[in-house]
Amino acid sequence: KKQQLENGLRLTNWGDSISRTIAECSHTLILASLRRLGFEFQTAVARKQWRNPKKPPSMTLFNKKVGLLGFGAIAKELLPLLRPYTKNIQAHDPYASDSTFKELDAARVKSPEELFANADIVSMHTAKTEETNNLVNKSLLDLLPDHGIIVNTARGNALNEKDLFEQHKNGRLFSGLDVFAVEPLPEDSPLRTTP
């Protein structure tokens, strides 16, 4: 590899150049999930139906408890977008410094379990590592309250999609997903048809 570098191989890294854009996407997915802007409502309107009383009502972001799983560049950009709605923002990231949490006025929690148990909404901002593979699974999803929301704009490997589908199937949780474990999402994935 050293020889390749000396021969002019160029390496690039996005760094934090798209952090604001992805944070904006996370913010949008949170709001869309809260307001139930999913496919089922679009379909109902197209069929000239106005309301589906079996679905839970839309909710607001005001005064919700938001958890950030990972506290890197994207989560740091998302934080100010959430501040007009709620001051109750906490994060878990074993690699972020205490000074970062203090500077950005976010509560630090010690574990993913504590984060999920104390949040209405969790926005995922983890790196793709062996450590994060299937990190968010049934045991963590079960800690969210009924009608809780999980948003993933990080990496698809961190969220166990089968466990998430089970939560969707019974209508307990909602999600906004920008990434999947396999992309494009396989045609037979149950996530393609679940509300």
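A residue is termed buried when its relative accessible area is under 20%, exposed when that area is over 50%, and partly exposed in between. These terms are applied below to a predicted model.

The protein contains 8 helices and 6 strands. Followed along the sequence, these elements are arranged in the pattern α-α-α-β-α-β-α-β-α-β-α-β-α-β. Of the 195 residues in the protein, 42% are buried. Among contacts with a separation of 6 or more, 66% are formed by residues 24 or more positions apart.

The packing of two helices was examined next. Two packed helices are described by the angle between their axes and the distance between the axes. For helix α2 (residues 19-34) and helix α4 (residues 73-82), the axes come within 8 Å and cross at roughly 50°. Because of this angle, α2 is oblique to α4. The crossing of the two helices, α2 and α4, is right-handed. On the side of α2, the contact is formed by S19, R20, I22, A23, E24, S26, H27 and I30, and on the side of α4 by A73, I74, E77, L78, L81 and L82. By character, the residues of this contact between α2 and α4 comprise 8 nonpolar, 3 polar and 3 charged.

One participant from α2 may be considered individually. H27 is located in helix α2. Its relative accessibility is 14%, and H27 therefore counts as buried, since the cut-off for a buried residue is under 20%. When residues up to four places away in sequence are not counted, H27 touches L78, L81, L82 and Y85.

Attention then turned to the interior. In soluble globular proteins, nonpolar side chains tend to be buried together. In the present model, the largest nonpolar core has 21 residues, of which I30, L61, V66, L68, F71, L82 and I121 touch the most other members. At least two residues of this core are supplied by each of α2, β1 (66-69), α4, β2 (89-92) and β5 (149-152). The surroundings of L68 illustrate how distant parts of the sequence meet: with its neighbours within four places in sequence left aside, L68 is in contact with A75, L78, L79, L82, I89, Q90, A91, H92, L115, S123 and H125. A second core, separate from the largest one, has 19 residues, including M124, L159, L164 and L173.

Several positions outside the helices and strands were also characterised. N88 lies in the loop that runs between α4 and β2. With a relative accessible area of 37%, N88 is partly exposed, because this value falls between the cut-offs of 20% and 50%. Apart from residues up to four places away in sequence, N88 touches K64, K65 and V66. N88 and A106 are 18 residues apart along the chain, and their C-alpha atoms are separated by 8.2 Å.

T194 is placed in the segment after β6. At a relative accessibility of 16%, T194 counts as buried. With residues up to four places away in sequence not counted, T194 touches F165, H168 and K169. H168 was also compared in position with H147: the C-alpha atoms of H147 and H168 are separated by 9.8 Å, and the two residues are 21 residues apart along the chain.

The backbone geometry was considered last. Most residues other than glycine have a negative phi, and most peptide bonds are trans. Positive phi values were found for D105 and H147, neither of which is glycine. For D105, phi is near 55°. D105 lies in the loop between α5 (98-104) and β3 (107-108), and at 57% relative accessibility D105 counts as exposed. For H147, phi is near 70°. H147 is located in the loop between α7 (138-141) and β5. The relative accessibility of H147 is 32%, so H147 counts as partly exposed.

The peptide bond joining E183 and P184 is cis, with omega about 0°. P184 is found in the segment after β6 (174-177).

Note on methods: Residues are numbered from 1 along each chain as its sequence is written. This is a predicted model: local features need pLDDT of at least 70, side-chain atom pairs count only at pLDDT 80 or more; totals for chains, interfaces and linings use all residues. Side-chain values use heavy atoms; hydrogens and water are left out. Axes are lines fitted to C-alpha atoms, for helices over the stretch in contact, and angles run from 0 to 180 degrees between N-to-C directions. Helices (H or I, at least four residues) and strands (E, at least two) are DSSP runs, numbered from the N terminus. Angles under 35 degrees count as roughly parallel, over 145 as roughly antiparallel, 65 to 115 as roughly perpendicular and the rest as oblique. A crossing is left-handed if the near helix is turned anticlockwise from the far one by less than a right angle, and right-handed if clockwise. Contact means heavy atoms within 4.5 Å. Ala, Val, Leu, Ile, Met, Phe, Trp, Tyr, Cys and Pro count as nonpolar, Asp, Glu, Lys and Arg as charged, and the others, Gly among them, as polar. A nonpolar core is a set of buried Ala, Val, Leu, Ile, Met, Phe, Trp, Tyr and Cys residues joined through side-chain atoms within 4.5 Å. Buried means under 20% relative accessible area, exposed over 50%, partly exposed in between (1.4 Å probe, protein chains only).
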